[in-house]
Amino acid sequence: WLSALESTKWLQHLSVLLKSALLVVHAVDRDQRPVLVHCSDGWDRTPQIVALAKLLLDPYYRTIEGFQVLVETEWLDFGHKFADRCGHGENSDDLNERCPVFLQWLDCVHQLQRQFPCSFEFNEAFLVKLVQHTYSCLFGTFLCNNAKER
């Protein structure tokens, strides 16, 4: 099982995301510099890094209300392609579009929450419920690629 996990490079992806978010945090907090974050297409790495940096910089986003605001602004309003990435949309057969981007981000949040449990108002059960409903299709929140479709 561990070798199968290693072959996905999942933990390496999480490590790179957390290191990238720390670069942003250091630039903003320590060096007092503005930061522009933009990945090659702007849909995947950008919200991961920005949302992690906001979570690290501002304790408000570590509350339940603040975390909800963070997901809404950096993922839903930003226009993350949930339908394509989670396989909910019309192009669900296109495996090239599927990617667990939001799940990777939630795993990074989980890693931070495990290391600093007293800094978060929510626990692992909250994150697990969010993952379940990202893929459950019970709510329309994570079914579409943008606010207009939603």
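1. Phe126 is partly exposed in this predicted model, with a relative accessibility of 29%. Phe122, by contrast, is buried, at a relative accessible area of 4%. The cut-off for buried is under 20%, and partly exposed runs from there to 50%, so the two residues fall into separate classes.

2. A search of the whole structure gives 13 aromatic pairs. In the pair formed by Phe122 and Phe126, the ring centres are 5.1 Å apart and the planes meet at 40°, so the pair is tilted. An angle under 30 degrees would have counted as stacked and one over 60 as edge-to-face.

3. Phe122 and Phe126 also belong to a cluster linked by ring pairs. The other members are Phe67, Trp75, Phe82, Phe102, Trp105, Phe120 and Phe142.

4. The largest nonpolar core contains 33 residues. Leu52, Phe67, Phe102, Trp105 and Val109 have the most contacts inside this core. Two or more residues come from each of α2, α3 (45-57), α4 (64-76), α5 (82-86), α6 (101-115) and α7 (124-136). Phe67, Phe102 and Trp105 are named in the aromatic cluster as well.

5. What does Phe102 touch beyond its neighbours within four places in sequence? Its contacts there are Val71, Trp75, His80, Phe82, Leu130, Thr134 and Phe142. Among them, Trp75, Phe82 and Phe142 are members of the ring cluster.

6. Gln104 lies in helix α6 and is buried, with 4% relative accessibility. Setting aside neighbours within four places in sequence, Gln104 is in contact with Trp10, His13, Leu14, Leu17, Arg45 and Gln48. Helix α2 covers residues 10-30 and α3 covers 45-57.

7. On the surface, Val28, Val35 and Leu57 make a nonpolar patch of about 190 Å². Val28 is found in helix α2 and is partly exposed, with a relative accessible area of 32%. Residues enter a patch at over 30% relative accessible area, so Val28 meets that cut-off.

8. Arg150 sits in the segment after α7. Is this residue buried or partly exposed? At 35% relative accessibility, Arg150 counts as partly exposed. Apart from neighbours within four places in sequence, Arg150 is in contact with Leu76, Asp77, Gly140, Thr141 and Cys144. Arg150 and Val16 are 134 residues apart along the chain, and their C-alpha atoms are separated by 31 Å.

Definitions and conventions
Residues are numbered from 1 along each chain as its sequence is written. This is a predicted model: local features need pLDDT of at least 70, side-chain atom pairs count only at pLDDT 80 or more; totals for chains, interfaces and linings use all residues. Side-chain values use heavy atoms; hydrogens and water are left out. Rings of Phe, Tyr and Trp (its six-membered ring) pair if their centres lie within 6.5 Å; planes under 30 degrees apart count as stacked, over 60 as edge-to-face and the rest as tilted. Buried means under 20% relative accessible area, exposed over 50%, partly exposed in between (1.4 Å probe, protein chains only). Patches are made of residues with over 30% relative accessible area and no salt bridge: like charges are joined within 9 Å, nonpolar side chains (Val, Leu, Ile, Met, Phe, Trp, Tyr) within 5 Å. Accessible areas come from the Shrake-Rupley method with a 1.4 Å probe; for residues, only the protein chains shown count as cover. A salt bridge is a side-chain nitrogen of Lys or Arg within 4 Å of a carboxyl oxygen of Asp or Glu. Helices (H or I, at least four residues) and strands (E, at least two) are DSSP runs, numbered from the N terminus. A nonpolar core is a set of buried Ala, Val, Leu, Ile, Met, Phe, Trp, Tyr and Cys residues joined through side-chain atoms within 4.5 Å. Contact means heavy atoms within 4.5 Å.
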